[in-house]
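Trainee: I would like to go through this model with you and ask, for each label attached to it, what justifies the label.
Mentor: Then let us look at the structure together and set each value against its criterion.

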Amino acid sequence: MRLLRRLPGQLAVVGLFVSAALGLAFAQSGFEPRIGQEGKDVVWVPTAQMLVDKMLDMAKAAPQDYVIDLGSGDGRTVITAAKRGIKAHGIEYNPDMVELAKRNAVKEGVADKATFVQADIFESDFSQATVLTLFLLTDLNLRLRPIILKMRPGTRVVSNSFTMGDWIPEQTAYLSQGCSSFCRAHLWIVPASVDGIWKMGTGELTLEQKYQTFTGKLVADNVVAPITDGRINGERVTFTAANVQYTGRVNGNSIEGGSKTLEGAEAAWKATRGG
Ligand SMILES: C[S@@+](CC[C@H](N)C(=O)[O-])C[C@H]1O[C@@H](n2cnc3c(N)ncnc32)[C@H](O)[C@@H]1O
């Protein structure tokens, strides 16, 4: 009897614990992000899902890629990439957003491919990414730019709305449907470094690089030919000198490729960095 009498009180205490625990769990899992909420360096605004898809399309993201979203918010870009069979990772400063993104990845059944970490993007190593996605601000992009330019040539970088200053994008797309704000995306491809002096056969190639373009001169047999149409697409270079078209692949301190004259005569060429 005494036991029975005590039971209601005990039940009430147990009930209190249970509801407190449930309340806590709800408070954790029920975290509702608010558009415009404070972030460390930029507030949270989600990218429209159609633009997320567009950004990954522009980057030609495929299963062999590794996508990293800098400031990953609720995880939508990482999760969308994972649903395409791509390993993807989000770096996000706000711990509530990180937990939300992890729960979203579980809900979408892609927690094996979509991972998230709570960290400051400015103190993180994202050099392994082959596709980098951003929805930050131009001044934050500019802080990241020197780090991005040291990434593996060919790395694709896609930014929602904000630019990289005077680094001109390869492509810009605008969505007029399925997106009401922040509907523009820009794509850049990290260029190989070609700036400097290269020995090319008995001649010398001097290149002045500005991001994915370059100018300069080819000096051979005491003839100076200016470089025109110098472009770098990841590791691939193309340029024209003395009416000869050159294409090549940069591999650190050497470039190897082929050339073609106006008359169609083809030849192989090689250049090595250093005068
Ligand atoms: C504009 S939102 C973009 C969210 C997501 N990438 C998207 O496109 O939907 C920017 C995100 O960056 C996060 N953030 C701001 N400063 C950060 C920093 N220093 N390190 C990591 N995340 C940061 C914010 O908390 C926010 O979730």
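Trainee: Leaving aside its neighbours within four places in sequence, which residues is Gly-230 in contact with?
Mentor: Bearing in mind that this is a predicted model, Gly-230 is in contact with Gln-212, Thr-213, Phe-214, Thr-238 and Phe-239 once neighbours within four places in sequence are set aside. The residue itself lies in strand 11, which spans residues 223–233, and its C-alpha is 5.9 Å from that of Thr-215, a residue 15 positions away in sequence.

Trainee: Why is Gly-230 called buried?
Mentor: Its relative accessible area is 6%, and buried means under 20%, so Gly-230 satisfies the criterion.

Trainee: How do you know that Cys-179 and Cys-183 form a disulfide?
Mentor: Their sulfur atoms are 2.2 Å apart, while the criterion asks for a pair of cysteine sulfur atoms within 2.5 Å, and therefore the pair counts as a disulfide. A search of the whole structure finds one disulfide. The link of Cys-179 and Cys-183 has -100 degrees about the S-S bond and is left-handed.

Trainee: Are these cysteines, Cys-179 and Cys-183, buried or exposed?
Mentor: Cys-179 has a relative accessible area of 14% and Cys-183 has 6%; with the limit for buried set at under 20%, both values lead to the conclusion that Cys-179 is buried and that Cys-183 is buried.

Trainee: What makes strand 1 and strand 2 a pair?
Mentor: Strand 1 (residues 66–70) and strand 2 (residues 87–92) are joined by five bridges, where at least two are required, so they pair, and they run parallel. As an example, Asp-69 has Gly-90 in strand 2 as its bridge partner. Strand 2 is also joined to strand 3 by five bridges, again in parallel, and Ile-91 stands opposite Val-117 in strand 3.

Trainee: Why are strand 3 and strand 6 said to stand at the edges of the sheet?
Mentor: The sheet is open, with seven strands in the order 3-2-1-4-5-7-6 and mixed pairing. Strand 3 (114–118) and strand 6 (171–174) each have a single partner strand, so one side of each is left without a neighbour in the sheet. Neighbouring strands of this sheet are turned by 20 degrees against each other on average, with direction ignored.

Trainee: What makes strand 2 mostly covered?
Mentor: Five of the six residues of strand 2 are buried. As for the helices, helix 3 (residues 76–83) lies across strand 1, strand 2, strand 3 and strand 4 (131–134), and runs at about 155 degrees to strand 3, whereas helix 4 (residues 95–107) lies across strand 2 and strand 3, at about 170 degrees to strand 3.

Trainee: Why is the crossover from strand 1 through helix 3 to strand 2 called right-handed?
Mentor: With the strands pointing away from the viewer, a path over the helix that runs clockwise from the first strand to the second is right-handed, and the β-α-β crossover from strand 1 through helix 3 to strand 2 is classed as right-handed on that basis. Strand 2, helix 4 and strand 3 likewise make a right-handed β-α-β unit.

Trainee: How many helices and strands does the protein chain have?
Mentor: There are five helices and 15 strands, and of the 275 residues in the chain, 42% count as buried.

Conventions
Residues are numbered from 1 along each chain as its sequence is written. This is a predicted model: local features need pLDDT of at least 70, side-chain atom pairs count only at pLDDT 80 or more; totals for chains, interfaces and linings use all residues. Side-chain values use heavy atoms; hydrogens and water are left out. Helices (H or I, at least four residues) and strands (E, at least two) are DSSP runs, numbered from the N terminus. Axes are lines fitted to C-alpha atoms, for helices over the stretch in contact, and angles run from 0 to 180 degrees between N-to-C directions. Contact means heavy atoms within 4.5 Å. Buried means under 20% relative accessible area, exposed over 50%, partly exposed in between (1.4 Å probe, protein chains only).
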